[in-house]
Structures are given as C-alpha cells and as structure tokens.
Amino acid sequence: MSATSGEVPLRSEHDIVLARQLVRRLTQELGFSLVDQTKMVTAASELARNAFTYGRGGTMTWEKTTGERHGLKLLFADEGPGIPDLALAMTDGWTSGTGLGMGLTGAKRLVNDFNIDTRVGGGTRVTITRWKQP
C-alpha cells in the first residue's frame, strides 16, 4: 500500500472487521513489533465498535506519520449523541451499554497519544497515535 492516508466507513460489523484488518496491515508496513501491532489493532477495534454502536456509525481516518518519528494516527469520528459525562466515561468499568466498560480507557492505555472531543448532540472524535519504537 503506497497511500499515506485514507478513510474507511464504520457503518456495519463488517466495516469494523475491515478497519481492524487495515490497521494490522498498516502497522506491519510501518515495521511495528507484533506487540505494538496488537495494541494498535485492539485499540482501533474498540474505538471502531464504539463509533458504530454508540455513535450510530462514523468513519476511521488514518495517516502514516513521518518525520522525526514514524507512527500511525487514527481518527474515529461519529455524529452520534456525544458523551454527556466524559469524566465518567473515562472511568474504568463504567459503560453506557452492555460492554465491560473498558473501551475508551483500555484504548487509551494501548496507545502513545490519546485525545477525545465530544459534544452532546454533536458527536465524538477520538484521535489515537502509536509511535514505532526504535
């Protein structure tokens, strides 16, 4: 794959699988260790599922980062209801649905950079980056 960025929809369970496969392929191309590949794929899978389940679908935008550090940056965006209490949502074990409550906090622990922007009625945007270790 020669592209340095792209976007994939997150509108179905199948899209989540395709996003996970894409992240695996991108981390392999970037030379991530197997452990770092798994961390990024797991974080992407959790966030893609959140966008689909709670955000009523959305997109995953990806970018290979270059320069001083090489890595993979992912943006998960949806136009869902937003997160009314972000502090509560970032508490281990809290869930608004039937999950284990580890999606956001678990994803945050698996990546190097994590940012979330949410507005009630305005959707949620989560950006994660994993840097390739030297």
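1. A word on terms before we start: two strands are said to pair if DSSP finds at least two bridges between them. Keep that in mind for the hairpin of E4 and E5, which has 3 residues between its strands. Within this hairpin, Gly-121 takes a positive phi near 80°. Please also remember, as you look through the points below, that this is a predicted model.

2. Let's stay with E4 and E5 for a moment. These two strands run antiparallel and are joined by 7 bridges. One pairing to find on screen is Arg-119, whose bridge partner in E5 is Gly-123. Strand E4 also has two faces worth colouring separately: Phe-114, Ile-116 and Thr-118 make up the covered one, while Asp-113, Asn-115, Asp-117 and Arg-119 make up the uncovered one.

3. Now for the whole sheet. It is open, has 5 strands, and follows the order E1-E2-E3-E5-E4 with antiparallel pairing. Strand E1 (5-10) and strand E4 (113-119) are its edge strands, each pairing on one side only. On average, neighbouring strands are turned by 15° against each other, if direction is ignored.

4. Further into that order, strand E3 (residues 71-78) meets strand E5 (residues 123-131). The two run antiparallel, with 8 bridges joining them. A handy landmark here is Phe-76, which stands opposite Val-126 in E5.

5. Next, the helices and the sheet. H1 packs on the sheet and touches E1, E2 and E3; the direction of H1 makes about 5° with that of E2. H2 lies across E1, E2, E3 and E5, and runs at about 175° to E5.

6. How do H1 and H2 sit relative to each other? The axes of helix H1 (residues 13-29) and helix H2 (residues 34-53) come within 9 Å and cross at roughly 155°. Angles over 145 degrees count as roughly antiparallel, and H1 and H2 are therefore roughly antiparallel to each other. The crossing of H1 past H2 is right-handed. On the H1 side, the contact is made by Glu-13, Ile-16, Arg-20, Val-23, Arg-24, Thr-27 and Gln-28. The residues from H2 include Leu-34, Met-40, Val-41, Ala-44, Ala-48 and Phe-52. Sorted by class, this contact has 8 nonpolar, 5 polar and 4 charged residues.

7. A reminder that may help when you read such lists: an α-helix has 3.6 residues a turn, so residues three or four places apart point the same way.

8. H2 has another helix partner. Its axis and that of helix H4 (residues 103-110) come within 9 Å and cross at roughly 155°, which makes H2 roughly antiparallel to H4. Here H2 passes H4 in a left-handed crossing. Lys-39, Thr-42, Ala-43, Glu-46, Leu-47 and Asn-50 in H2 meet Gly-103, Leu-104, Ala-107 and Leu-110 in H4. By class, the contact of H2 with H4 has 5 nonpolar, 3 polar and 2 charged residues.

9. Which residues of H4 are buried? They are Gly-103, Leu-104, Thr-105, Gly-106 and Ala-107. What do the buried residues of H4 pack against? Their partners are H2, helix H3 (86-89), E4 and E5.

10. Thr-129 is a good residue to click on in strand E5. Is Thr-129 buried or exposed? Its relative accessibility is 7%. Buried means under 20% relative accessible area, so Thr-129 counts as buried. Leaving aside residues up to four places away in sequence, Thr-129 touches Met-40, Leu-72, Lys-73, Val-111, Asn-112 and Asp-113.

11. Val-8 lies in strand E1. Not counting residues up to four places away in sequence, Val-8 touches Ala-19, Leu-22, Gly-58, Thr-59 and Met-60. Val-8 and Gly-122 are 114 residues apart along the chain, and 20 Å separates their C-alpha atoms.

12. Finally, a backbone detail to look at. Arg-56 is found in the loop between H2 and strand E2 (58-65). Phi of Arg-56 is near 60°, a positive value in a residue other than glycine. Arg-56 has a relative accessible area of 62%; exposed means over 50%, so Arg-56 is exposed.

Terms used:
Residues numbered from 1 in each chain as written. Predicted model: local features only at pLDDT ≥ 70, side-chain atom pairs only at ≥ 80, totals over all residues. Heavy atoms only, no water. Axes fitted to C-alpha atoms, helices over the stretch in contact; angles between N-to-C directions. Helix = DSSP H or I, 4+ residues; strand = E, 2+ residues; numbered from the N terminus. Parallel < 35°, antiparallel > 145°, perpendicular 65-115°, else oblique. Left-handed = near helix turned anticlockwise from the far one by under 90°. Contact = heavy atoms within 4.5 Å. Nonpolar A, V, L, I, M, F, W, Y, C, P; charged D, E, K, R; others polar. Buried < 20%, exposed > 50% of the residue type's maximum accessible area, 1.4 Å probe, protein only.
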